[in-house]
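Biologist: Please take one buried position in this chain and describe its surroundings closely, following the neighbouring elements outward as far as they help to explain its setting.

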Amino acid sequence: MAAITPTSSLSNFISPNFLQIPSFFPHHPKKSNLSFHHKPFIIITSKPPPKILCSAAAAADNVSSIKSSQPMVPPYNVLITGSTKGIGYALAKEFLQAGDNVLICSRSAERVETALQTLRTDFGVQRVWGTKCDVRDGNDVKNLVQFAQDNLQYVDIWINNAGSNAYSFKPLAEASDEDLMEAMKLMINQPRGGHIFNIDGAGSDGRPTPRFAAYGATKRSVVHLTKSLQAELQMQEVSNVVVHNLSPGMVTTDLLMSGANTKQAKFFINVLAEPADEVAKYLVPNIRSIPSRGSTRPTYIRFLTGLKAYSQIFSRLAFGARRNRYLVED
């Protein structure tokens with residue numbers, strides 16, 4: 001996702017060195033927040049593409065005889081990685097509110113248990129499950145898939161929200177490609193198929209990501225990887241699995257707020273950021289609409305479009321809107 005070249009009047013505010021803003025200004029803003037592109041995205045990995053592509057091809061060969069799929073109807077079974085806080089947790093709540101079944105996971109068993117108790121109190125024991133999973137650990141991912149099969153039988157929607165360097169600005173450890181392979185194998189072997197959504201972030205448009213370079217590099221490399229993967233799935237005549245991208249824009253998470261130590265950062269957070277719950281309320285209905293209408297087309301769902309971002313910046317500059325909304329500006 002490339003960045004819009006800012007106009008001269010805004011160039012002082014939109015700097016390539018700003019913490020996270022550049023990745024949320026896509027080219028060619030649309031009037032609609034929902035647009036379709038032939039360039040799907042998928043689960044984060046820092047491994048070279050050939051290994052993953054071969055694995056996907058091998059999985060496809062095993063089910064090449066499957067030419068049709070069962071209809072996918074709600075309630076959907078949803079698996080969300082990195083879902084015990086922030087946008088992942090907000091998405092889990094919104095899917096449950098819509099009547100779906102949800103499986104949450106996190107690297108921390110304690111956070112999983114805490115989130116699970118809260119969600120089960122609000123939505124019922126039989127609609128939400130949770131387990132510890134570090135997506136960098138191949139065995140953990142295999143156990144996650146087995147846990148999903150044991151409790152849900154199948155997964156309609158897999159949302160990848162893990163694979164980042166979490167809430168610190170430290171280098172990202174090399175990620176495993178097991179999450180990608182296992183998700184693909186799981187869904188390819190399901191007669192009803194499935195949809196995989198990758199949540200993007202800073203770096204996906206090629207802009208610099210100072211202080212968390214490994215995270216940005218991972219987000220960037222996945223663009224080419226998943227284009228190739230989708231092409232290979234089409235070559236193997238696998239039509240029951242589709243990969244998509246989600247762009248939540250700026251979400252008021254701990255990660256974002258921890259970088260709000262400059263006047264410029266505070267300006268953009270106040271103008272553009274939204275709470276995770278508000279973002280999830282927009283994303284989830286759009287995600288659910290894809291299987292409900294039987295779409296097999298890769299989709300890019302954006303909460304913060306370029307047009308929306310520039311409109312809010314203009315309102316701030318012209319009328320002072322959203323000033324000090326979250327942070328007191330100097």
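**A buried isoleucine and its surroundings**

Modeller: Ile-287 has a relative accessible area of 0% and is therefore buried. The model is a predicted one, and the description that follows should be read accordingly. Ile-287 belongs to helix α9, which comprises residues 276–292. Apart from neighbours within four places in sequence, its contacts are Phe-95, Ile-157, Ile-159, Phe-197, Leu-246 and Ile-301. For Phe-197, which is 90 residues away along the chain, the C-alpha to C-alpha separation from Ile-287 is 8.6 Å. The chain as a whole provides the background: 55% of its 330 residues count as buried, and its secondary structure consists of 10 helices and 8 strands. Of the contacts between residues at least 6 apart in sequence, 79% join residues at least 24 apart.

Two of the contacts of Ile-287, namely Ile-157 and Ile-159, fall within strand β5, residues 157–160. Strand β5 pairs with β2 in the parallel sense, over 3 bridges, and Trp-158 of β5 stands opposite Leu-79. Strand β2 covers residues 77–80 and is buried on both faces, with Asn-77 and Leu-79 on one side and Val-78 and Ile-80 on the other. In a regular strand the side chains alternate between the two faces of the sheet. Strand β2 is also joined to β3, residues 101–106, by 4 bridges, and these two strands run parallel. One partnership in that pairing is Asn-77 with Asn-101. Between β2 and β3 the chain passes through helix α2, residues 86–97, in a right-handed β-α-β crossover. Helix α2 spans the position of Phe-95, which is another of the contacts of Ile-287.

From α2 and β3 the picture extends to helix α3, whose buried residues pack against α2, β3 and β4 (128–132). Helix α3 runs from residue 109 to residue 123; its 15 residues reach 20 Å from the first C-alpha to the last, close to the expected 21 Å. Its buried residues are Val-112, Ala-115, Leu-116, Leu-119 and Phe-123. They lie on the same side of α3 because they cover an arc of only 105° around the axis. An α-helix has 3.6 residues a turn, so residues three or four places apart point the same way. Glu-110 and Thr-121, on the other side of α3, are exposed. After α3 comes Gly-124, which has a positive phi near 105° and sits in the loop between α3 and β4. Gly-124 counts as partly exposed because its relative accessibility is 24%. Its C-alpha is 9.5 Å from that of Leu-96, 28 residues away along the chain.

The same region raises the matter of the cysteines. Cys-105 lies within the range of β3 and counts as buried because its relative accessibility is 1%. Its closest cysteine sulfur is that of Cys-133, at 4.9 Å, which is too far for a bond, since a disulfide requires sulfur atoms within 2.5 Å. Cys-133 likewise takes part in no disulfide, with the sulfur of Cys-105 as its nearest at 4.9 Å. Cys-133 also counts as buried, because its relative accessibility is 3%. The number of disulfides by this criterion is 0.

Further along the chain, helix α10 offers a counterpart to α3. Helix α10 covers residues 306–319, and its 14 residues reach 20 Å between the terminal C-alpha atoms, close to the 20 Å expected. Buried in α10 are Gly-306, Ala-309, Tyr-310, Gln-312, Ile-313 and Arg-316. Because their arc around the axis is only 160°, they are placed on the same side of α10. These buried residues pack against α8 (263–272). Two phenylalanines, Phe-314 and Phe-319, are exposed on the face of α10 turned away from the buried side. Just after α10, Gly-320 adopts a positive phi of about 75°.

To return to the starting point, Ile-287 is buried at 0% relative accessible area. Its listed contacts include Phe-95, Ile-157 and Ile-159, and the last two lead to β5, which pairs with β2. From β2 the path leads through α2 to β3, and both α2 and β3 receive the buried residues of α3.

Methods
Residues are numbered from 1 along each chain as its sequence is written. This is a predicted model: local features need pLDDT of at least 70, side-chain atom pairs count only at pLDDT 80 or more; totals for chains, interfaces and linings use all residues. Side-chain values use heavy atoms; hydrogens and water are left out. Buried means under 20% relative accessible area, exposed over 50%, partly exposed in between (1.4 Å probe, protein chains only). The expected span of a helix is 1.5 Å times one less than its number of residues. The arc is that of the directions from the helix axis to the C-beta atoms. Contact means heavy atoms within 4.5 Å. Two strands pair if DSSP finds at least two bridges between them. A crossover is right-handed if, with the strands pointing away from the viewer, the path from the first strand over the helix to the second runs clockwise.
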